[in-house]
Amino acid sequence: MAAVKAMNVLDFTKRKDLGEKISMVTCYDFWSAQILDDSDVDCLLVGDSLAMVMHGYDSTVYADVDLMALHIRAVARGAPNKFIVGDMPFLATRKGLQSTMDAVQTLMQAGASAVKIEGEAGQRELIAHVVESGVPVMGHLGLTPQSVHGLGGHKVQGRSQSAEEDLLASARGLAEAGCFAIVLECVPAALAARISREIDIPTIGIGAGPETDGQVLVLQDMLGMNPEFKPKFLRHYACGHKVVQDAVNRFHAETRHGCFPSPSESYA
């Protein structure tokens, strides 16, 4: 298959202007990045959710810059033809400008095409500085998992009128600071649609309804690798847990019965 030219940061706004939806999949490692590199998906997110999906923690706060860089390097090697967004992890933007820029440098030199920063309050000038330094920044509003303890859990955000206006103001602030796109997570569909209409940069939704400018899902979630995990916004596109389980059980049975390996699978 011929390599598809990777999106660049300018393509995101072009897609919004043309009314063409953007697809993004969260990816954490080399082998799945290789598969996605051969797929039609537009861009990849190395999300700090890797702390949970890959390492078994109960929240994203356990990811740090070194862990993010490790996974970004693996994904970048596996998907050289994709635009790769790397999450700035817990508190990485809250320790001062020098610390923030050191973290940005680490993630970009690991192979990210852009970084994603959660939240807007208290960060607008910092985001503007990162953008002015030549690093594309994707924003993230709504349910921001790094702030899950402050939010009182994984809850839909922006349901009250005041919260709706606050989210809209934050989206405008991120656009003004120079973000090239914003992830909207777990917000009412009508609010996500309003934000998408009222800002010039594209929105990428997860649990934000159909009228955002794009959608993102975690690869393992969309493949049904954990069939027990099915929040309202998630669609399973495969029964991955069963596929893998059945394959391993077949290997086990054929090994026990002596029919693997066959003579044709053995060296003379």
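This section describes the cysteines, the aromatic ring pairs and one helix of a predicted model.

The cysteines were examined for disulfides, and a search of the whole structure finds zero. Cysteine 27 illustrates the absence of such bonds. The closest cysteine sulfur to that of cysteine 27 belongs to cysteine 43 and lies 12 Å away, which is too far for a bond; a disulfide would require the two sulfur atoms to be within 2.5 Å. The surroundings of two cysteines were also assessed. Cysteine 27 has a relative accessibility of 1% and therefore counts as buried. Cysteine 239, at 56% relative accessibility, counts as exposed.

Aromatic rings were considered next. Five aromatic pairs are found in a search of the whole structure. One of them joins phenylalanine 12 and phenylalanine 180, whose ring centres are 4.9 Å apart. The planes of these two rings meet at 70°, so the pair is edge-to-face; the cut-off for this class is an angle over 60 degrees. Phenylalanine 12 is part of helix α1 (residues 9-18), while phenylalanine 180 sits in the loop between α8 (161-177) and β6 (181-185). The pair therefore ties together parts of the chain that are 168 residues apart in sequence. Both partners are shielded: phenylalanine 12 counts as buried at 0% relative accessibility, and phenylalanine 180 is buried with a relative accessible area of 6%.

Another aromatic pair is formed by tyrosine 57 and tyrosine 62, and this pair is stacked. The centres of the two tyrosine rings are 4.5 Å apart, with 15° between the planes. Tyrosine 57 counts as partly exposed, at 41% relative accessibility. Tyrosine 62 is likewise partly exposed, with a value of 43%. Ring pairs also link Phe12 and Phe180 with Phe83, and these residues form a cluster.

The last element examined is helix α6, which spans residues 124-132. Leu126, Ile127, Ala128 and Val130 of this helix are buried. In general, an α-helix has 3.6 residues a turn, so residues three or four places apart point the same way. The buried residues of α6 are covered by several elements, including the helices α5 (97-110) and α8. Strands β4 (114-118) and β5 (137-142) are also among the elements that cover them. Just after α6, glycine 134 adopts a positive phi of about 95°.

Technical notes: Residues numbered from 1 in each chain as written. Predicted model: local features only at pLDDT ≥ 70, side-chain atom pairs only at ≥ 80, totals over all residues. Heavy atoms only, no water. Buried < 20%, exposed > 50% of the residue type's maximum accessible area, 1.4 Å probe, protein only. Phe/Tyr/Trp six-rings, centres within 6.5 Å; stacked < 30°, edge-to-face > 60°. Helix = DSSP H or I, 4+ residues; strand = E, 2+ residues; numbered from the N terminus. Contact = heavy atoms within 4.5 Å.
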